[in-house]
Amino acid sequence: MFTENQNNTQRHPLKTEIKTVFNSDSDVNYYSILIETSSKMASYNVIIKTFISQIQKTNRDCQIQIITYGDTVNTIFEFDSEPITLKDALKEIKFSKDNEEAKLGEAMKMCFDNIESNWSSNLMSKIIVISSGQSTDDSSDNLVDLLTLDNNVIYGLAGTNSATKPIDEAVKDLESLLPDQKVIPLGKNPSQDIKLLMNSSANGASEEHSINCPVNIEVYPHSNETKSIKDDLLLDVVIKPDGNTTLIPAGTKIKFLSNKYYSGYTIQLKDNLVFGEPYEETIKLEYKKGQMEKTQFENFPSKITFHIELANDRDNIHEGHVFLNITYFLGDLKSKYKCCIGVEGDIGNGKSTCLNGFVNLFNPVNELEEYFVANRSNNAHVTTSINNTSLKEILSSKHYIYPVQESFHDINIAWSDAWGFVETDVSLKHKAEGRIHHGTKKDECVLLQPDDRYRIDCFIFVVSFRNFTSITAMQRIEKKIKEVISIGITPLLVITFTDLLSKNQLQDIMKNKVADLSVQECNTFTIDNYTEKDTHKDIAKDVKYLRVLTKAVQLCKVKNEKEAMNKVKGFSNLSINDTTNNNNNNNNNNNNNNNNNNNNNNNNNNNNNNNNNDNNNNYNNNSFNQTPTKNQSFYESSSPLPNFFKSPSQQTSTQSPSSPSPVNDEPSRIINVTIDVIPDSNGTVLTSFEIESSSNESISELKRRLINEIDPEINANDWSVSKENGTILFESAKLSSVIKSSDNVDSIKLILKKKQKLSF
């Protein structure tokens, strides 16, 4: 626990609101909606989706899970999902045209497991079964399990195909499946159905009531320094009575609830809190380690929920939210190198909008600002000249700098906006070299002398999902992507306007369209564009922009780090060559005398060694920034790897047919490994990788694969592999032994860190 505020007096509060007060017996409403998707319920498609939408609108702070059941059972919307994504989940509700199966028992089991995993003493569970009154599997035992849950109520909504079965019979059938539970017919007025279900008291009054909250809460970031998204969250919480209350009693609790990303925290007042004497405490919400890179960004919350439990009012709980500001989570963008990022794509695909999304990450106020002029018409060039803008330039133009913006001095990012693709475009190689300067016009594009201020370290290709229907557009994109790969730069792909697609439609594009491009899956991202109607920031959108920008900065760091190492090697080689030349001049006469005798022998040896040398040269020429050929893993080079660097699944067995096979304790399986690379004692992450590995691969083999991609010539003995908690792993150990101690058997987070030399 922390009680001392270490901030300066110039700090800005996070947006905080206290919304509702409700009875402690039902303080957190968890709705589980089980939907039968057999052909018998197909006519209720629109009514059911409207019903779910109405539940969310009338219960803004509720949690919802949606389970569909027919011949298969699926959870299409989970507890703790962002409410904004519900509309996409509703598109996933598909009714069968001819299948009448309804596995209600299996759906109830899935429902019970999901509720139990989120269970707490203050949870109120409301299960709504939307059914024709049939179950093609045994649901009785699973119903009993649901009934054993505390604070749990089950409702039924009965529907039927009126051509074959009256609605009254459907209600009776569902009542037999849900004995002693409230069942009503599914009508055409969802709002009325909700009232009938929820108002279960004798007089029909609502179970919830509202009173004023006597507590004011202000929440501030503990530090004005922007932090990594993977750091623990420190917040300064100020508690004081409101203007109508003179005292908050001792024993009052403010509970900050845990979520998928952070742990929870409880403040309990030890003494009475009187008006004019606020209480302040710094709380620590711990980041839940072990999250994969993708889920890490997906799970990041837009707000932290808290409950206020007054010591003198145990019957009611006040709920509030602290809305997080993305500006305080940009620490992973820090770099000692300048990172120059360019966007490429067709007209109207969202290039300028994407750049505005990046820049607004650094804007601590809630209102959006437009730095790059975006195309709103989709049919004409709005960007007609190269526009290079750096973060430092943007901040220097401000009349007022917020305290958090002062911590951006280690973030050195520049962006380059360009016009949409035209036939007369110059090669992207020239942009990478800095030969296309700021202000260059589309119709007057000439090559100038290279200038580091305008060079591009990372290219982001921005593609609207609509472009995937055009063969010409995709061929043009693929050509540009290959240009970038040919100069040793790893391209990123950003798909825009994906909020207009259902989950299945997006998966189809990713599987059947994106897979045809020479961009790796781990370097493909989706964003939800801000439109001309948006005036305020949305942290759910901002997190997607941050994920793309973080990856781009990581690639820029690696590229610049490698170039710096090559320069050092170049200077070293020059010194060695000067010394060697002098020695060679002195030894020329002796060598000439021996050449004739050795030539014959050397010819045979050289011929025998040619093939091996060719293979080794191909291997050593591989660059980290080269993109693998299609269907290759990220760490698989385009030429054969020596067995020394291959995982067990890649190696070709050299055993004779008669020799016994080695015995494995368990079959090999694929493990997703996320690895942070830390090259110095400061703990700064240079880059992060996500790769697939065999569970039978050793830590040593995994390390060698990574070292080879960073730079084959660096000494692998100078690096170690450890867990997130710092435990160094034995290099002879197999990945399967590490996984056994992990909660997730299919993925793990590791650290590749350079060893520190001891000084005496």
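This report walks through a predicted model, from its confidence to a sheet, a helix and a few single residues.

Residues are numbered from 1 along each chain as the sequence is written, and side-chain values use heavy atoms, with hydrogens and water left out. Because the model is predicted, local features need pLDDT of at least 70 and side-chain atom pairs count only at pLDDT 80 or more, while totals for chains, interfaces and linings use all residues.

**Confidence**

Let's start with how far to trust the picture. pLDDT is the predictor's confidence in each residue, on a scale from 0 to 100. The protein chain has a mean pLDDT of 78, with 76% of its residues at 70 or more. Over residues 1-8 the pLDDT is below 50, and this stretch makes 19 contacts in the model beyond near neighbours in sequence; a contact means heavy atoms within 4.5 Å. Residues 200-210 also stay under 50, and there the model has 17 contacts beyond four places in sequence. Among the elements of the chain, strand β14 (residues 279-285) has the highest mean pLDDT, 96, and helix α13 (residues 539-620) the lowest, 63. Where pLDDT is low, the predicted coordinates should not be read in detail.

A word on those element names: helices (H or I, at least four residues) and strands (E, at least two) are DSSP runs, numbered from the N terminus.

**The β8-β9-β14 sheet**

Strand β14 belongs to an open sheet of 3 strands, in the order β8-β9-β14, with antiparallel pairing. Two strands pair if DSSP finds at least two bridges between them. β8 and β14 stand at the edges with a single partner strand each, so one side of each has no neighbour in the sheet. From one strand to the next, the twist averages 25 degrees; angles run from 0 to 180 degrees between N-to-C directions, and the axes are lines fitted to C-alpha atoms.

On one side of β9 (residues 233-241), strand β8 (residues 215-221) pairs with it over 7 bridges, and Tyr 220 stands opposite Asp 236. β9 is also joined to β14 by 7 bridges. Here Ile 239 faces Tyr 279, and Val 238 faces Glu 280. As for its surroundings, 7 of the 9 residues of β9 are buried, so this strand is largely enclosed by the rest of the structure. Buried means under 20% relative accessible area, exposed means over 50%, and partly exposed is in between (1.4 Å probe, protein chains only).

The loop between β8 and β9 holds His 222, which counts as buried at 9% relative accessibility. Its side chain makes a polar contact of 3.5 Å with the side chain of Thr 282. A polar contact is a pair of N or O atoms within 3.5 Å; within protein, one must be able to donate a hydrogen and the other to accept it, and residues adjacent in sequence count only if both atoms are side-chain atoms.

**Helix α11**

Helix α11 has 16 residues (471-486), which should span 22 Å at 1.5 Å a residue, and its end C-alpha atoms are indeed 22 Å apart. The expected span is 1.5 Å times one less than the number of residues. Its buried residues, including Ala 473, Met 474, Ile 477 and Ile 481, pack against α10 (428-432) and β20 (458-464). Gly 488 follows the helix and has a positive phi near 80 degrees.

**Single residues worth a click**

Most residues other than glycine have a negative phi, and most peptide bonds are trans. Two aspartates with positive phi are set out here:

| Residue | Phi | Loop | Relative accessibility |
|---|---|---|---|
| Asp 80 | about 75 degrees | between β4 (73-77) and α2 (86-90) | 34%, partly exposed |
| Asp 180 | near 70 degrees | between α5 (167-177) and β7 (182-185) | 82%, exposed |

Thr 252, in the loop between β10 (247-248) and β11 (253-256), counts as buried at 1% relative accessibility. A polar atom of its side chain lies 3.2 Å from the backbone nitrogen of Ala 311. Leaving aside residues up to four places away in sequence, Thr 252 touches Ile 267, Gln 268 and Leu 269, among others.

Ala 158 sits in strand β6 (residues 152-158) and is buried, with 0% relative accessibility. Beyond four places in sequence, its contacts include Ser 131, Ile 167, Val 183 and Leu 186. Ala 158 and Met 41 are 117 residues apart in sequence, with their C-alpha atoms 9.4 Å apart in space.
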